[in-house]
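Please open the model in a viewer and keep the sequence panel visible. The tour below proceeds by selection, with a short account of what each selection shows.

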Amino acid sequence: MGYIMLGAPGAGKGTQAIALSKQFQMPHISTGDIFRTHIKQQTELGKKAKEYIDQGLLVPDELVVDLVKDRLAQEDCKTGFILDGFPRTIMQAQTLDVALKELGLSLHAVINVDVPDDKIITRMAGRRVCSHCGGTYHTKYNPPQEDGICDHCQRSLIQRKDDEEETVKKRLQVYHDQTQPLIEYYEDKKILLTVDGTESVDRVTENIIKALGERA
Ligand code: ADP
Ligand code: ADP
Ligand code: ZN
């Protein structure tokens, strides 16, 4: 029972992946979070990835795919997993198909969180994240209980460097060029499920769970 969260940067993939991971008791695998951990720890991979991430570009496929394959091979993915931010290119999707087959795992649904570009810009300006636990907030739409402090671990919230407006515009362009073709890729496989990502966080979660139930 594997799930993929697809959508533009800032569409709410991470927010929904965390909610679904709680609901379904499945690991949440975010390639963005994995890279940010490497950057923090200043590993070789982290240093290489940072050059691309800071420019709003995708990290090259060869630096991403093995990382995900290794993660999916771990025991906790046997009963299910939620991929967030992977795949982002057709090549990554094709590699994932092969890897899942080898591991004896399957995809249940690809959840496409749909949000138009103009809404993305305002969302990203207000995004605040916890660099300790990955908690994600929005100054207006999803504020923490205490201003600037993570609800889960009480550490300070920060603004991601790649959430500056110019970088967000670049990331949107990269999304349309390289990631959006995946919508058709998974539509052809009959596992795509599109939800309106402009509704409230809770409503989007409800709609995803309802749509998954109808397909089961
Ligand atoms: P967002 O949540 O805004 O979509 P992520 O946290 O998923 O962003 O990713 C941050 C950055 O990490 C991306 O802009 C990209 O540079 C890099 N990245 C994450 N996942 C991938 C991937 N599957 N392929 C290539 N680059 C990736
Ligand atoms: P992604 O992982 O797709 O980049 P996030 O889950 O990090 O997106 O969400 C981007 C920003 O938008 C965050 O600040 C988050 O709190 C906020 N957000 C997420 N879902 C919604 C929603 N349905 N309505 C309003 N804001 C949202
Ligand atoms: Zn936290």
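A residue counts as near a molecule if one of its heavy atoms lies within 4 Å of it. Please bear in mind that this is a predicted model.

**First stop: ligand 1**

Select ligand 1 and display its surroundings. Which residues come nearest to ligand 1? They are T31, R36, L57, R88 and R171, out of 21 residues around this ligand. By class, the shell consists of 9 nonpolar, 5 polar and 7 charged residues. Next, colour helix 2, which spans residues 31-40: this helix supplies the largest share of the shell, 4 residues.

Now inspect three individual contacts of ligand 1.

- Select V59: one of its backbone N or O atoms lies 3.0 Å from a nitrogen atom of ligand 1.
- Select R88: an N or O atom in its side chain is 2.8 Å from an oxygen atom of the ligand.
- Select R171: a polar side-chain atom of this residue lies 2.4 Å from an oxygen atom of ligand 1.

Ligand 1 on its own has 550 Å² of accessible area, and the protein covers 96% of it.

**Second stop: a sheet and a helix**

Select strands 5, 6 and 7. These 3 strands form an open sheet in the order 6-5-7, with antiparallel pairing. Strand 6 (136-138) and strand 7 (157-158) are the edge strands, since each pairs on one side only. In general, the strands of a sheet pair through backbone hydrogen bonds.

Select strand 5, residues 127-130, together with strand 6: the two run antiparallel and are joined by 3 bridges. Within this pair, R127 stands opposite H138 of strand 6. Then add helix 6, residues 117-126, which lies across strand 5 and strand 6 and runs at about 45° to strand 5.

**Third stop: ligand 2**

Select ligand 2. How many residues surround ligand 2? There are 19, and the closest are G10, T15, R127, Y137 and E199. R127 has thus appeared twice on this tour, having been seen opposite H138. The shell of ligand 2 comprises 6 nonpolar, 9 polar and 4 charged residues.

Three backbone contacts deserve a selection each.

- A11 has a backbone N or O atom 3.2 Å from an oxygen atom of ligand 2.
- Y137 places a backbone N or O atom 2.7 Å from an oxygen atom of the ligand.
- E199 has a polar backbone atom 2.7 Å from a nitrogen atom of ligand 2.

Of the 560 Å² of accessible area that ligand 2 has on its own, the protein covers 93%. Finally, colour helix 1 (13-24) and strand 6, the elements that give two or more residues to this shell.

Conventions: Residues numbered from 1 in each chain as written. Chains lettered and ligands numbered in written order. Predicted model: local features only at pLDDT ≥ 70, side-chain atom pairs only at ≥ 80, totals over all residues. Heavy atoms only, no water. Polar contact = N/O pair within 3.5 Å; in protein donor to acceptor, adjacent residues only side chain to side chain. Areas by Shrake-Rupley, 256 points an atom, 1.4 Å probe, with all protein chains shown as cover. Nonpolar A, V, L, I, M, F, W, Y, C, P; charged D, E, K, R; others polar. Pairing = 2+ DSSP bridges. Contact = heavy atoms within 4.5 Å. Axes fitted to C-alpha atoms, helices over the stretch in contact; angles between N-to-C directions.
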